[in-house]
Amino acid sequence: MSGNNQRLNIFPTRMALTNMKLKLKGAQTGHSLLKRKSEALTKRFRGITVKIDELKRKMGQVMQLASFSLAEVQYITGDISYQIQESSKSAQLRVRAKQENVSGVMLPVFEMYNEGGNAFEFTGLGRGGQQIQRAKEVYTKAVETLVELASLQTAFVILDEVIKATNRRVNAIEHVIIPRYENTIKYITSELDEQDREEFFRLKKVQSKKKERAAVDEVLRLEGIKAAEEKGMEGPILHAAEETGQIDMVDQEDEDMIFY
């Protein structure tokens, strides 16, 4: 699944751009952490694979020695299974489990321990005591090897599932989520740039319109002033009456005014 042509449906704003950048950074950090976890688990997985291979080879040899030692006991002492069944009341070899944390993954670890005394200390007193003791030691070692092999096999299965899930997450983040966030950031950035260009063009247009209107107003004002000047030059010239001699303020006498 590829995220080359995918993006989130989001309204392009500055806040959305900031949020998407934060999400992208978080996705990149998560991808880095999961990648390191996958590498650590893969390294442990390979080490367990090598140990399992060694233990399986060792198990074959141990079981072969155990079979030979049991054959020796049966050849010397005969069938002693009924004596062992009568002597054994509870298991002497026991297994306990604990957990080991590997990069956040809890792996079970089995270990063997002895509990109680030796229930077969009197077995083989008549004959074959040395062979019985050797067979007991060999089978104890075989059980110890089996417990260790079971622990490694369980860890192998768990790590296999966890590594597959971690790799799926890493691939999903790397090939789907991060490209989707990057495409969304590119989309928001391009839309914001387009909005800035539209705003700049609008402001330029408004400014040019204002300049044109101011130029027209200036032309009209100048024409009005010029027309007013021309009209003032062509109008009648008024002179005082004294200058024309129509009224002689000195020769005329004031008439008596009667107030009723």
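# Notebook: looking through a predicted model

**Entry 1, the overall layout.** I began with the secondary structure and found that the chain has four helices and two strands. The model is a predicted one, and I keep that in mind for each value noted here. Reading along the sequence, I wrote down the order of these elements as α-α-β-β-α-α. I then looked up burial for the chain as a whole, and of its 260 residues, 21% are buried. For the surface, I noted an accessible area of about 19800 Å², with carbon and sulfur atoms holding 55% of that area. I also checked how contacts are spread along the sequence: among the contacts with a separation of 6 or more, 80% are between residues 24 or more positions apart.

**Entry 2, Thr184.** I wanted to know where Thr184 sits and whether Thr184 is buried or exposed. Thr184 belongs to helix α3, which runs over residues 129-234. Its relative accessibility is 0%, and because buried means under 20%, Thr184 counts as buried. Leaving aside residues up to four places away in sequence, I listed what Thr184 touches, and the partners are Arg7, Leu8, Ile10 and Met20.

**Entry 3, Val176.** Staying in helix α3, I looked at Val176, which is also found there. Val176 has a relative accessible area of 13%, so this residue is buried. I then took the distance from Val176 to Arg7: the two are 169 residues apart along the chain, yet their C-alpha atoms are separated by 9.8 Å. Arg7 had already come up in the previous entry as one of the residues that Thr184 touches.

**Entry 4, the hairpin of charges on β1 and β2.** Next I turned to the salt bridges, of which the structure holds nine. I followed Glu111 in some detail, and asked with which residues Glu111 forms a salt bridge. One partner is Arg96, with the closest N and O atoms 2.9 Å apart. This pair links distant parts of the chain, since Glu111 is in strand β2 and Arg96 is in strand β1 (residues 93-102), 15 residues apart. The other partner I noted is Lys98, where the closest N and O atoms are 3.7 Å apart. Lys98 lies in strand β1 and Glu111 in strand β2, so this pair ties together parts that are 13 residues apart in sequence.

I also recorded the accessibility of each partner. Glu111 is partly exposed at 27% relative accessibility, Arg96 is partly exposed with a relative accessible area of 43%, and Lys98 is partly exposed at 45%.

**Entry 5, a salt bridge within α3.** For a second example I chose Glu199 and Arg202, whose side chains meet in a salt bridge at 2.6 Å, N to O. Both residues lie in helix α3, three residues apart, which is about one turn of the helix. Glu199 is partly exposed, with a relative accessible area of 36%, and Arg202 is likewise partly exposed, at 42% relative accessibility. Going back to the strands, I noted that salt bridges with shared partners join Arg96, Lys98 and Glu111 into one network.

**Entry 6, the loop between the strands.** I looked at the loop between β1 and β2, where Ser103 lies. What caught my attention was the backbone: Ser103 has a positive phi of about 55°, although this residue is not a glycine. Ser103 counts as partly exposed, at 35% relative accessibility.

**Entry 7, a nonpolar patch.** On the surface I found a nonpolar patch formed by Met63, Leu70 and Tyr139, which together have about 230 Å² of accessible area. I looked up Met63 on its own as well: this residue lies in helix α1 (residues 14-77) and counts as partly exposed at 33% relative accessibility.

**Entry 8, the second largest pocket.** Last, I examined the second largest pocket, which has a volume of about 270 Å³. The lining is made of 17 residues, and those closest to the centre of the pocket are Val109, Phe110, Glu148, Ser151 and Leu152. I then asked which elements give two or more residues to this lining, and they are α1, β2 (105-114) and α3.

Conventions:
Residues numbered from 1 in each chain as written. Predicted model: local features only at pLDDT ≥ 70, side-chain atom pairs only at ≥ 80, totals over all residues. Heavy atoms only, no water. Buried < 20%, exposed > 50% of the residue type's maximum accessible area, 1.4 Å probe, protein only. Contact = heavy atoms within 4.5 Å. Areas by Shrake-Rupley, 256 points an atom, 1.4 Å probe, with all protein chains shown as cover. Patch = residues over 30% accessible without salt bridge, like charges linked within 9 Å, V, L, I, M, F, W, Y side chains within 5 Å. 1 Å grid on protein atoms, 1.4 Å probe; cavity = no way out; pocket = protein on both sides within 12 Å on 5 of 7 lines; lining within 4 Å. Points joined across faces, edges and corners; volume = space filled by probe spheres on them.
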